[in-house]
Amino acid sequence: VAAALQSSGYYIDKNVADQYDGTDLLELDVVATRYSPADRSEALFEVKSGHDWKFADIFALRGWMHYRGIEDGIFFATQCNETRRKAYSIAAERLGLKFILCDDPRTTGVQAALAGAGITVANDVGEHDFLALRLLGGT
C-alpha cells in the first residue's frame with residue numbers, strides 16, 4: 001500500500017510510533033500526505049493481512065485519527081472473514097472510514113483497489129500529474 005501511494009506522489013511515513021515516558025501509545029502503519037499547490041491533506045492507513053483482525057482494529061483506527069487530528073482514514077485488508085465482510089464495511093462507514101478489501105496484493109491489484117475507493121493513484125489524471133511534471137522539469 002505504501003509503495004502504491006508513494007509512486008502516486010504521496011509523501012509516506014511508515015510505522016509511525018508515538019510514545020509517552022517510554023510507553024508505546026500507538027503505531028500507525030501508513031500516514032500518507034498529499035501536497036498540492038493549494039493545500040496539504042493527510043490520510044491514515046491501517047493495513048491488515050490474514051484473518052487475525054477484528055472490529056476493535058477498525059475502532060482503533062478511528063481513535064488514532066482523532067488523536068493525531070487526521071480526518072481521512074482507510075482500513076485496508078487483504079483477507080476478510082466473508083461472513084463479516086458487510087458488517088466490517090458498515091462499521092467503517094459509520095465511523096467515517098473507507099474500508100478496502102483487496103484480494104490481489106500485487107501492486108496493480110492494490111492500485112486498482114485504492115482507485116476503486118476514490119483514492120488518487122498513479123494511473124489517475126489530476127494534481128499528481130501536475131506535480132510529477134513539475135518535479136521532472138516540465139510545465
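**Helix packing, the largest pocket and a few local points**

The buried residues of helix α2 are covered by, among others, β3, β4, α3 (85-94) and β5 (97-101). I start there and work outwards. Please keep in mind that this is a predicted model.

First, the helix itself. α2 runs over residues 55-68, which makes 14 residues. At 1.5 Å a residue the span should be 20 Å, and the C-alpha atoms at the two ends are indeed 20 Å apart, so the expected and computed lengths agree. Which residues of α2 are buried? They are I58, L61 and M65. Looking down the axis of α2, these buried residues fit within an arc of 50°, so they line one face of the helix. The general background is that an α-helix has 3.6 residues a turn, so positions three or four places apart point the same way. On the face of α2 turned away from the buried side we find the exposed residues A56 and H66. After the helix comes G69, with a positive phi near 70°.

Now α3, which I just listed as part of the cover over α2. The buried residues here are Y88, A91 and A92. They take up an arc of only 100° around the axis, which means they sit on the same side of α3. What do the buried residues of α3 pack against? Their partners are α2 and β5. The face of α3 turned away from that buried side has exposed K86, E93 and R94. Just after α3, G96 has a positive phi of about 80°.

Next, the chain as a whole. It has 5 helices and 5 strands, and the order from the N terminus is α-β-β-β-α-β-α-β-α-α. Of the 139 residues, 36% are buried. Taking contacts between residues at least 6 apart in sequence, 52% join residues at least 24 apart. One distance across the sequence as an illustration: L5 and T120 are 115 residues apart along the chain, while their C-alpha atoms are separated by 8.4 Å. T120 belongs to the loop between α4 (107-116) and α5 (127-135). T120 is classed as partly exposed because its relative accessibility is 24%, and the buried class is for values under 20%.

L5 comes up again in the surroundings of A32, a residue of strand β2. Is A32 buried or exposed? A32 is buried, at a relative accessible area of 1%. Leaving aside residues up to four places away in sequence, A32 touches L5, Y10, Y11, I12, S41, E42, A43 and F45. For F45, the separation from A32 is 13 residues in sequence and 7.6 Å between C-alpha atoms.

Two of those names, Y10 and A43, take us to the largest pocket. Its volume is about 240 Å³. The lining consists of 15 residues, and those nearest the centre are Y10, A43, D72, I74 and I119. Where does the lining come from? β2 (23-35), β3 (40-48) and β4 (72-77) each give at least two residues. β3 has the largest share, with 4 residues. By type, the lining of this pocket splits into 6 nonpolar, 5 polar and 4 charged residues. β3 and β4 therefore appear twice in this talk: in the lining of the largest pocket and in the cover over the buried residues of α2.

Last, backbone angles. In general, most residues other than glycine have a negative phi. Which residues other than glycine have a positive value here? N15 is one of them, with phi near 50°. N15 is placed in strand β1 (residues 11-20), and at 48% relative accessible area N15 is partly exposed. D21 is not a glycine, and its phi is positive at about 50°. D21 sits in the loop between β1 and β2 and is exposed, with a relative accessible area of 67%.

To recap: the buried residues of α2 line one face, those of α3 pack against α2 and β5, and the largest pocket draws on β2, β3 and β4 for at least two lining residues each. That is what I have.

Definitions and conventions
Residues are numbered from 1 along each chain as its sequence is written. This is a predicted model: local features need pLDDT of at least 70, side-chain atom pairs count only at pLDDT 80 or more; totals for chains, interfaces and linings use all residues. Side-chain values use heavy atoms; hydrogens and water are left out. On a 1 Å grid over the protein atoms alone, a cavity is a set of points where a 1.4 Å probe fits but cannot get out, and a pocket is an open set with protein on both sides within 12 Å along at least five of seven lines; lining residues have an atom within 4 Å of a point. Grid points are joined across faces, edges and corners, and a volume is the space filled by probe spheres set on the points. Ala, Val, Leu, Ile, Met, Phe, Trp, Tyr, Cys and Pro count as nonpolar, Asp, Glu, Lys and Arg as charged, and the others, Gly among them, as polar. The expected span of a helix is 1.5 Å times one less than its number of residues. Buried means under 20% relative accessible area, exposed over 50%, partly exposed in between (1.4 Å probe, protein chains only). The arc is that of the directions from the helix axis to the C-beta atoms. Contact means heavy atoms within 4.5 Å.
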